Amino acid sequence: SIILAVSAGNVDIANSDSLKLAREVDPTGSRTIAVITKCDLMEHNDESSSVLNGTSVDVKLGLIGVINRNNKQLTEKTPIEKILAIEEDYFLGHYPGIADRMGTEYLSSQLCDILISHLKRCLPMLAEKICQQQVFHREILKDVGEGPTDPNQAMIMLLSHFVDSLAKSIEGKYTYIVMRPDPKASPKVSPQKRDLSIATGQKTVNEVVLIPELTSAGAELFNVFQDDCTSKLSMIPADKNLKNLKKVIRSTSGVQPALFIPDGVFNTLITKQLDMFDRPSEHAITKAHQCIAEAIDMVAAKAMIRYPKLEREVVNIAKDFLSKQSRDAKEFMAEYLEVEKSYINTNHPEFIERYQVAAALFAEPDEEEEKQKQKQNPNHVAPMHTYHQPTAKENVLDKLMTKYMRGEDASSEERANKEAELMEKLLIHYFCIVRAHLVDMIPKIVMKFFVRKLTTHLNSILIKSLYTEEKINDLVQESDRVTKKRKASSKMMKVLLEAEKLVSDIAVGRNVDCKGESIY
């Protein structure tokens, strides 16, 4: 920046406060112009000539003397043109050798030349900044629109644009910026809060560092499906609450041990295991609800920036509809889980396939081994059971238990241990089958109750609720903030276009006057 050090001519320039301040910030004087006012009040001698010649003041951009209007001229409202003529006559009469470097017009010309010289040095940077500002203000004008339009047409277009943008956001074609905690930054405490904490003795709460993140409703829902659905359901231990199976089986057998494991024990235990899916499933629906609610806020804020009243109404109606869909989705989810618990399908194809893993625990003795035992002990009786893979209609538990039922061959303790081990394997297998079904089902529920319902019915609900004669005129009203924003950006665009033209003229070597107009 250029420093204009102004001093009065009737004061000793050696004691000038303005020059002292200028030397503090510009010791070399390379950015300072000294201006001497009230030259007509100076004594006409060698000392005044020395001052106006600049020999007594070390400034690189020169020293210029000017004459101001006096009180009489101000009172009489003497025109500027006449004052400039009087100023020119004075310097020609008293300082003819330097008259061409004195006066208000010369000061204006010098400042203009300095500005043009500076512009030429900074031309590439200035052109880039002008271009950036033009893009910025064009975006603002695009957001705020060209001005008031027909309210009825504006209402229909805005509601349709909002629903379309929301649908595109779910598809990932419409993005918005949200502030998220920076995972790399550690929480900080501001100095003000730290001082307050020391003074009051209260603990401070760390401030989380937030960073902008570009996202969309589709990306957020995908994260819910991966983190709150797949990952969290997979983290539920399938063997939780299965520590006392032997005791549970024995307590259901009564006085005489059962020949096979009772189906009722398996059904009771697996039902309790499936209860662990209730809360995570509901939580996943809630997270999906929150993601779409955030998208509604972001999309509405951008789509209806000009009409804050309409934005509030649309957001409220959309969120009410979303809340209703969330309740329906949770009810459907709970009902689906009840369906899974109501009938434990041990003939499920996947369950029958998985039981073979458990069956390996109780493999049949080899036939050759049985023959050798008979040769060594003629009284040895081979077991009458022959293993075959059960069909879908056969009871899996019964078939597995016949694998190790040897009558007197196994002790009651061994039998109980094998029963508990077998039951645990089967419970885990069935638990994993239901979990896989849930991982597949939750995204489908979200898409049906949230996405499809919103994109299909929301537009008609909004029009039905808001498209009335009383509400249209009230809601489709621009805020004062938007009007001022449009006016300011329009004004700035005109300035930027003039600046662009000026920079262009300077770049091609045209002469430019102090007003920024080209001189051909």
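# Helices, sheet and side-chain pairs

User: Which strands does helix H5 lie across?
Analyst: Helix H5 (residues 104-121) lies across E1, E2 and E3. Its direction is at about 170° to E2. Contact here means heavy atoms within 4.5 Å. Axes are lines fitted to C-alpha atoms, for helices over the stretch in contact, and angles run from 0 to 180 degrees between N-to-C directions.

User: What kind of model is this, and how are residues numbered?
Analyst: The model is predicted: local features need pLDDT of at least 70, side-chain atom pairs count only at pLDDT 80 or more, and totals for chains, interfaces and linings use all residues. Residues are numbered from 1 along each chain as its sequence is written, and side-chain values use heavy atoms, with hydrogens and water left out.

User: And the labels, H5 or E2? What do they stand for?
Analyst: They are DSSP runs, numbered from the N terminus: helices (H or I, at least four residues) and strands (E, at least two).

User: Back to the sheet. In what order do the strands come?
Analyst: The order is E1-E2-E3. These 3 strands form an open sheet with parallel pairing. Two strands pair if DSSP finds at least two bridges between them.

User: Which strands stand at the edges?
Analyst: E1 (3-8) and E3 (63-65) do. Each has a single partner strand, so one side of each is left without a neighbour in the sheet. From one strand to the next, the twist averages 25°.

User: How many bridges join E1 to E2?
Analyst: There are 6, and E2 covers residues 32-37. One partner pair is Leu4 with Ile33 in E2.

User: New topic. How many aromatic pairs are there?
Analyst: The count is 5. Rings of Phe, Tyr and Trp (its six-membered ring) pair if their centres lie within 6.5 Å; planes under 30 degrees apart are stacked, over 60 edge-to-face, the rest tilted.

User: What about Tyr90 and Phe91?
Analyst: Their ring centres are 5.7 Å apart and their planes stand at 80°, so the pair is edge-to-face. Tyr90, Phe91 and Tyr95 form one aromatic cluster.

User: Tyr90 and Phe91: buried or exposed?
Analyst: Tyr90 is buried at 13% relative accessibility. Phe91 is buried too, at 1%. Buried means under 20% relative accessible area, exposed over 50%, and partly exposed in between (1.4 Å probe, protein chains only).

User: Which kind of pair do Phe277 and Phe431 form?
Analyst: A stacked one, 4.6 Å centre to centre with 25° between the planes. Phe277 lies in the loop between helix H11 (263-274) and helix H12 (278-303), while Phe431 lies in helix H17 (residues 412-466), so the pair ties together parts 154 residues apart in sequence. Phe277 is buried at 0%. Phe431 is also buried, at 0%.

User: Where does the charged end of Lys448 sit?
Analyst: It sits over the ring of Phe449, 4.6 Å from the ring centre. The rule asks for NZ of Lys or CZ of Arg within 6 Å of the ring centre and within 35 degrees of the ring normal.

User: Now charges meeting charges. How many salt bridges does the structure hold?
Analyst: It holds 8. A salt bridge is a side-chain nitrogen of Lys or Arg within 4 Å of a carboxyl oxygen of Asp or Glu.

User: Which residue pairs with Asp297?
Analyst: Lys319, with the closest N and O atoms 2.8 Å apart. Asp297 is in helix H12 and Lys319 in helix H13 (residues 308-342), so the pair links parts 22 residues apart in sequence. Asp297 is partly exposed at 31%. Lys319 is partly exposed at 27%.

User: And Asp474? Which residue does its side chain meet?
Analyst: Lys309, at 3.2 Å, N to O. Asp474 lies in helix H18 (residues 469-475) and Lys309 in helix H13, so this pair ties together parts 165 residues apart in sequence. Asp474 is partly exposed at 36%, and Lys309 is partly exposed at 32%.

User: Where do Asp328 and Lys324 lie?
Analyst: Both lie in helix H13, 4 residues apart, about one turn of the helix. Their side chains meet in a salt bridge of 3.2 Å, N to O. Asp328 is partly exposed at 25%, and Lys324 is partly exposed at 41%.

User: Which residues do shared partners join into a network?
Analyst: Asp275, Asp278, Glu338 and Lys341 are joined into one network by salt bridges that share partners.
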